[in-house]
Amino acid sequence: MEVIFKIIGIAFVTCIAYIVVKPIRSDFAILISIIGGIIVLFFILSYFSTIFDAFNTIFKVSGVKPSLYSTIFKIIGIGYLTEFTAGICSDTGNNSLGDKVLLGGKIVIMVMALPIVTSILDIVMELLPK
């Protein structure tokens with residue numbers, strides 16, 4: 001819980017420094033923003049092993065095919081990347097392009113999720129009495 005407060009603090013300090021420095025030196029303002037983002041990323045790296053362990057447990061208990069494991073992580077990655085890209089598009093004033101990136105990401109996620117839905121339906125069908 002305390003990590004989120006550190007992340008929020010770093011984000012606020014970065015934003016304030018960006019606002020103060022941008023009128024004076026816009027090139028330094030961009031560097032401040034990038035460095036703040038990198039620091040935030042370092043704070044969240046330690047949580048990845050927890051996420052991977054939780055997914056391993058879920059897959060062992062659920063009976064879902066292990067081949068779907070990488071598909072789920074790809075779907076999560078696509079979700080985060082499209083959201084990040086759409087945010088950058090919006091920050092640069094290109095909201096329309098950001099909306100199209102989000103739509104494209106959602107469609108790709110839907111297509112990639114079809115094997116997972118099929119696998120879950122197979123498991124449910126096996127549980128039902130015949």
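A residue is called buried when its relative accessible area is under 20%, and exposed when that area is over 50%. Keep this cut-off at hand for the exercises below, which work through a predicted model.

**Exercise 1. Decide whether T14 is buried or exposed, and describe its surroundings.**

Step 1. Find the element: T14 sits in helix α1, which covers residues 2–21.

Step 2. Apply the cut-off: T14 counts as buried because its relative accessibility is 15%.

Step 3. Look for a polar partner of the side chain. A polar atom of the T14 side chain lies 2.7 Å from the backbone oxygen of I10.

Step 4. List the contacts, setting aside neighbours within four places in sequence: T14 meets I32, S33 and G36.

**Exercise 2. Describe the overall build of the protein chain.**

Step 1. Count the elements. The chain has five helices and zero strands, and read from the N terminus the order is α-α-α-α-α.

Step 2. Compare the radius of gyration with that of a compact globule. For 130 residues such a globule would come to near 14 Å, whereas this chain has 20 Å.

Step 3. Check the extents: along the principal axes, the C-alpha trace spans about 75 × 35 × 20 Å.

Step 4. Turn to burial and surface. Of the 130 residues, 16% are buried. The chain exposes about 9,800 Å², and 76% of this comes from carbon and sulfur atoms.

Step 5. Finish with charge. There are 9 positive and 8 negative side chains, and the centres of these two sets are 3 Å apart.

**Exercise 3. Work out which residues T82 touches, and which backbone oxygen its side chain reaches.**

Step 1. Locate T82: helix α4, residues 67–91, contains it.

Step 2. Test for burial. With a relative accessible area of 14%, T82 is buried.

Step 3. Follow the side chain of T82 to the backbone oxygen of G79, at 3.1 Å.

Step 4. Leave out residues up to four places away in sequence; T82 then touches V101, L102 and G105.

**Exercise 4. Find the contacts of I78 and I116.**

Step 1. Start with I78, a residue of helix α4. Beyond its neighbours within four places in sequence, I78 contacts G105, V108, I109 and M112.

Step 2. Set sequence beside space for I78. K106 is 28 residues away in sequence, and the two C-alpha atoms are 8.7 Å apart.

Step 3. Move to I116, found in helix α5, residues 95–127. I116 is buried because its relative accessibility is 13%.

Step 4. With neighbours within four places in sequence left aside, I116 contacts L68, T71, I72 and I75.

Step 5. Put the contacts of the chain as a whole beside these lists. Among contacts between residues at least 6 apart in sequence, 47% join residues at least 24 apart.

**Exercise 5. Give the C-alpha distances from S119 to G87 and from I116 to I24.**

Step 1. Place S119: this residue belongs to helix α5, and it is buried at 4% relative accessibility.

Step 2. Read off the first pair. S119 and G87 are 32 residues apart in sequence and 33 Å apart in space, C-alpha to C-alpha.

Step 3. Read off the second pair. Between I116 and I24 there is a sequence separation of 92 residues and a C-alpha to C-alpha distance of 52 Å.

Technical notes:
Residues numbered from 1 in each chain as written. Predicted model: local features only at pLDDT ≥ 70, side-chain atom pairs only at ≥ 80, totals over all residues. Heavy atoms only, no water. Helix = DSSP H or I, 4+ residues; strand = E, 2+ residues; numbered from the N terminus. Rg over C-alpha atoms; globule rule 2.2 N^0.38 Å. Buried < 20%, exposed > 50% of the residue type's maximum accessible area, 1.4 Å probe, protein only. Contact = heavy atoms within 4.5 Å. Areas by Shrake-Rupley, 256 points an atom, 1.4 Å probe, with all protein chains shown as cover. Lys, Arg positive; Asp, Glu negative; His and termini not counted. Charge placed at Lys NZ, Arg CZ, Asp CG, Glu CD. Polar contact = N/O pair within 3.5 Å; in protein donor to acceptor, adjacent residues only side chain to side chain.
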